[in-house]
Structure formats: structure tokens, C-alpha cells
Amino acid sequence: MKILSSEWLRTKRTAIRWLTFCMPIVFASLVISYMALRKDVTEAFIYEAFFTVWTGLIIPLGVGCLAGFIVHEEELAGNFSGFLSSGLPRRHVYMGKFIILVFCTTICTLIAAIILSGGIYLLMPAAENMTVFIIAAFFTSFGTLPILAIHLWISFAWGMGASIGISFGGLLMAVLFGTTSLGDKIWVLVPWTWPVKLGLLPGYTLIDSSAQVMQNLIHTLLISVFVTIIGVCVFLIGGIFWFRKWEGRKNAE
């Protein structure tokens, strides 16, 4: 807890808190404004539009920027010298960064989902399944864990520029393989598609809750949860073992 408290204090007066608290408010407000202008939209349409953009665009870019900023702050503070010589176990230091990333992305997604649910409640009184947005927010946050582990590792190894640059590639993969039929056979191998699949799953119950649909949803859910657990274990444990012997980034790297 001391490490986590210290990590959170380091985000004071940085772009990290702005990304965490302000960006979801702006994005959810834009969606609600669209709902207010278009009276013919349905709850299912808003759900699909919101989580498609959130998981396919906001998550890949946001994670790349967030992980890059968190590590870049340490680089600016003496090129990681104080960070690496703190005397704390390396795995605790690395996990502190990872958990702060998990906290920021989870809170960010929940804020957006709660605000959107409130807007639907006000503008669509007949809507009955607003809790599905909150459930989808947790699913999305869970699917984001492997991406956080990947970008944290990349940020330490190659810096903020590499993390942000790779996030653009992740965005393309999330959109192409997560939201279209192109990824029907390979999405399980692409970590950036896992938040997309998990985030969109609960929304299918707004369209059809028949037994066949529910069976297909459960099947996809089990596969998504399995590959997400495997992915976060591989990338997080791999990053920790690599970080134990890491001695900082040279200027030429």
C-alpha cells in the first residue's frame, strides 16, 4: 500500500489524472449530446456505438499514452536512478506501476459507463437494462489487463514514444480483428481485440436473449476470459523477470 500511495502521489499535477478523470466525462457527455439530438436511437445502438469506440479507439491509444506517461515521469527524475535504487524489491516496484495502470483505466471506464447510464436514464425512461453498461465496463477493464502489461514493459524498455507508436498498431488490430469478420479466426491471438470482445458481449442481451444466443455468448466469454488470464500472466510475469535485471535505459537506446 505504501508503494501504491507513493505512485498515486507522483501523478499529481500530471496528465495522468486528467486522462483518468476528465477524458471519460468529455467522451460520455458527447455521446449523451448525440442521444439528445437524435430521438430515434435505441439503447442497443448507443451501447454498441459507445463500446465499439471505447474499446477499439480509446483503450488502445489511452493505454499507450498512460503507460508511457507513468514511466516517463521516472525517466525525467534522474533517468530512473532514484527509482531503481529505492531498496524495494523489484517485483514490488514493477507491480506498483502495473496496479496504478489498472486503477486508472478501470476508474476511467467506470466513470464513462456510469455517466452514460445516467444519460440513458434521463433521455430514455423506457430503458430497462442500464446495468449492462456497468457490467460491460468491468468486462472491458478485465480484457485490458494484458495490454497494460505489454505497454508497461514496452515503456520501460523503449520509452514513451514506442508505447504510443505501438498503440496505433493496436488500434488498427482492435478495429480490424475485433469488430469485423476479418478476425473471426485469429482474434484470440491478438491481445488488443480482447477488450473489444469482452466489452461488446453483454450488449447482445439487449438485442436477443434467447437460449441459443446466450449459449454462444457464454462460449465466447469463456474463451475471452481464458486467453486474457493467459495473456496477463505471460506478459506481466515476463516483464517482472526482465525488470529484475534491468539497469535503466541508456541515452542511445
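In this predicted model, V41 makes contact with Y34, M35, I46 and M124, leaving aside its neighbours within four places in sequence. V41 sits in the loop between α2 and α3. I46 also belongs to the largest nonpolar core, where it ranks among the residues with the most contacts. The points below cover that loop, the core, the salt bridges, two serines, I223 and a surface patch.

**The loop between α2 and α3**

- V41 is buried, because its relative accessible area is 11% and buried means under 20%.
- V41 and M124 are 83 residues apart along the chain. Their C-alpha atoms are separated by 9.5 Å.
- M124 is also one of the residues in contact with V41.
- D40 forms a salt bridge with R38. The closest N and O atoms of that pair are 3.1 Å apart.
- D40 counts as exposed, at 54% relative accessibility.
- R38 counts as partly exposed, at 37% relative accessibility.

**The nonpolar core**

- The largest nonpolar core has 55 residues.
- Those with the most contacts inside it are I46, F50, W54, F98, L116, F156 and F243.
- Seen by helix, α2 (15-37), α3 (43-76), α4 (81-84), α5, α6 (131-158), α8 (194-200) and α10 (211-244) each supply at least two residues of this core.
- α3 gives the most, with 13 residues.
- F50 is in contact with F27, V31, A112, A113 and L116, once its neighbours within four places in sequence are left aside.
- L116 therefore appears twice: as a contact of F50, and among the residues with the most contacts inside the core.

**Salt bridges**

- Side chains of opposite charge can pair when their charged atoms come close.
- The model has four salt bridges, counting a Lys or Arg side-chain nitrogen within 4 Å of an Asp or Glu carboxyl oxygen.
- R10 forms a salt bridge with E74, with the closest N and O atoms 2.2 Å apart.
- That pair links distant parts of the chain: R10 is in helix α1 (residues 2-10) and E74 in helix α3, 64 residues apart.
- E74 also forms a salt bridge with K97, where the closest N and O atoms are 2.7 Å apart.
- E74 lies in helix α3 and K97 in helix α5, so this pair ties together parts that are 23 residues apart in sequence.
- R10, E74 and K97 are thus linked in a network of salt bridges.
- Within that network, E74 and K97 are both buried. E74 has 6% relative accessibility.
- R10 is partly exposed, with a relative accessible area of 39%.

**Two buried serines**

- S141 lies in helix α6. S141 is buried, with a relative accessible area of 7%.
- The side chain of S141 reaches the backbone oxygen of A137 at 2.9 Å.
- Beyond its neighbours within four places in sequence, S141 is in contact with three threonines: T105, T106 and T109.
- S163 is found in helix α7 (residues 160-178). S163 is buried, with a relative accessible area of 0%.
- Not counting residues up to four places away in sequence, S163 touches G64, A67, G68, H151, I154 and S155.

**I223 in α10**

- I223 lies in helix α10.
- Why is I223 classed as partly exposed? The class covers values between under 20% (buried) and over 50% (exposed), and I223 has a relative accessible area of 29%.
- I223 touches W187 and V188, not counting residues up to four places away in sequence.
- I223 and H151 are 72 residues apart in sequence. In space they are 23 Å apart, C-alpha to C-alpha.
- H151 is one of the residues that S163 touches.

**A surface patch**

- Y121, L122 and L123 form a nonpolar patch on the surface. Together they have about 350 Å² of accessible area.
- Y121 lies in helix α5 (residues 90-123).
- Y121 is exposed, because its relative accessible area is 56% and exposed means over 50%.
- Helix α5 also holds K97 of the salt-bridge pair with E74, and supplies at least two residues of the nonpolar core.

Note on methods:
Residues numbered from 1 in each chain as written. Predicted model: local features only at pLDDT ≥ 70, side-chain atom pairs only at ≥ 80, totals over all residues. Heavy atoms only, no water. Patch = residues over 30% accessible without salt bridge, like charges linked within 9 Å, V, L, I, M, F, W, Y side chains within 5 Å. Areas by Shrake-Rupley, 256 points an atom, 1.4 Å probe, with all protein chains shown as cover. Helix = DSSP H or I, 4+ residues; strand = E, 2+ residues; numbered from the N terminus. Buried < 20%, exposed > 50% of the residue type's maximum accessible area, 1.4 Å probe, protein only. Core = buried A, V, L, I, M, F, W, Y, C linked by side-chain atoms within 4.5 Å. Contact = heavy atoms within 4.5 Å. Polar contact = N/O pair within 3.5 Å; in protein donor to acceptor, adjacent residues only side chain to side chain.
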